[in-house]
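Work through the following exercises with the sequence and the model side by side. Each one sets a task and then gives a solution in steps.

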Amino acid sequence: MKKILAIYGSPRRQGNTTLLLNQAVQGALDAGAQVEKVVLRDLKMSPCLEIYGCKETGRCVIQDDFQTIYDQLLDCQGLMLASPIFFYNVSAHTKILIDRCQSLWVKKYWIDKIPYGQRQTERKGLFISVGATKGKRLFEGTLLTLKYFFDVLDMELWKALLYRGFDFEGEALTHPECLKEAYEAGKELFLSLSKGSSA
Ligand SMILES: Cc1cc2nc3c(=O)[nH]c(=O)nc-3n(C[C@H](O)[C@H](O)[C@H](O)COP(=O)(O)O)c2cc1C
């Protein structure tokens, strides 16, 4: 069974990205996936302290809730990550998680010595984001961050669902076409992971 990890990066409990990610999770569940959910705002997670305690084993030495997510990130085959746009990047909750994954960068490039940009796994990720404004460049900074984050995770950024003009809590509910797109993406993610595999 292919495992999917769904990470909620909004500080809002019923935020727009939360509502969209809920749909993607439901799509994957309906297709038969096993999904674990992580709500970042509920965790106690320090920012990266840049002490490089990870350089011996590739594991971060700060003992907090990141330790569980680290194992979940290594264990899943599919990742769904949802974050609002805050100042043209991901939310602070999401960025803390990304920075703590510097331990995985250390593991991949310093310890395992994988040539830059090579992927060793068939893992795939779905990214969901929304911003209030409608500018053409709204997601540019975030997508660059995501590109390097997914590289460190040894994962293909399989699909990004990016929506402009969503601001108030719950606004995503007034866009059933976006909810449906997220549901279908969740389903497709699981089906694409399962293709050609009996596990
Ligand atoms: C701290 C903060 C920074 C924001 N920065 C941006 C921004 O740079 N561009 C933008 O279009 N919207 C920005 N927004 C609006 C949010 O992206 C928008 O409200 C979004 O719908 C929130 O998603 P959520 O409900 O999933 O948390 C910002 C909101 C906050 C609270």
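**Exercise 1.** Determine which strands helix α2 lies across, and at what angle α2 runs to β1.

*Solution.* Begin by locating helix α2 at residues 66–75 of this predicted model. Following its contacts, one finds that α2 lies across β1 (3–8), β2, β3 (78–84) and β4. Comparing directions then shows that the helix runs at about 135° to β1.

**Exercise 2.** Establish the strand order of the sheet, its pairing sense and its edge strands.

*Solution.* Tracing the pairings across the sheet gives 5 strands in the order β2-β1-β3-β4-β5, which form an open sheet with parallel pairing. The strands that pair on one side only are β2 (34–39) and β5 (155–164), and these are therefore the edge strands. As for the twist, neighbouring strands are turned by 15° against each other on average, with direction ignored.

**Exercise 3.** Describe how β4 and β5 are paired, and what unit they make with helix α5.

*Solution.* Strand β4, residues 123–131, pairs with β5 in the parallel sense over 9 bridges. Among these bridges, K124 has E156 in β5 as its partner, while V130 is matched with Y163, also in β5. Adding helix α5 (residues 140–152) to the two strands completes a β-α-β unit, and this unit is right-handed.

**Exercise 4.** Is T142 buried or exposed, and which residues does it touch?

*Solution.* The residue is first placed in helix α5. Its relative accessibility is 1%, and because buried means under 20%, T142 counts as buried. Leaving aside residues up to four places away in sequence, T142 touches I85, Y88, N89, V90 and F127. With Y88 there is also a polar approach, since the backbone oxygen of Y88 lies 3.5 Å from a polar atom of the T142 side chain.

**Exercise 5.** Find how many disulfides the structure contains, and explain why C76 does not form one.

*Solution.* A search of the whole structure returns 0 disulfides. For C76, the closest cysteine sulfur is that of C101, at 11 Å, and a disulfide requires sulfur atoms within 2.5 Å, so the separation is too far for a bond. Turning to accessibility, C76 is buried, with a relative accessible area of 3%. C178 is likewise buried, its relative accessible area being 8%.

Terms used. Residues are numbered from 1 along each chain as its sequence is written. This is a predicted model: local features need pLDDT of at least 70, side-chain atom pairs count only at pLDDT 80 or more; totals for chains, interfaces and linings use all residues. Side-chain values use heavy atoms; hydrogens and water are left out. Two strands pair if DSSP finds at least two bridges between them. Helices (H or I, at least four residues) and strands (E, at least two) are DSSP runs, numbered from the N terminus. Axes are lines fitted to C-alpha atoms, for helices over the stretch in contact, and angles run from 0 to 180 degrees between N-to-C directions. Contact means heavy atoms within 4.5 Å. A crossover is right-handed if, with the strands pointing away from the viewer, the path from the first strand over the helix to the second runs clockwise. Buried means under 20% relative accessible area, exposed over 50%, partly exposed in between (1.4 Å probe, protein chains only). A polar contact is a pair of N or O atoms within 3.5 Å; within protein, one must be able to donate a hydrogen and the other to accept it, and residues adjacent in sequence count only if both atoms are side-chain atoms.
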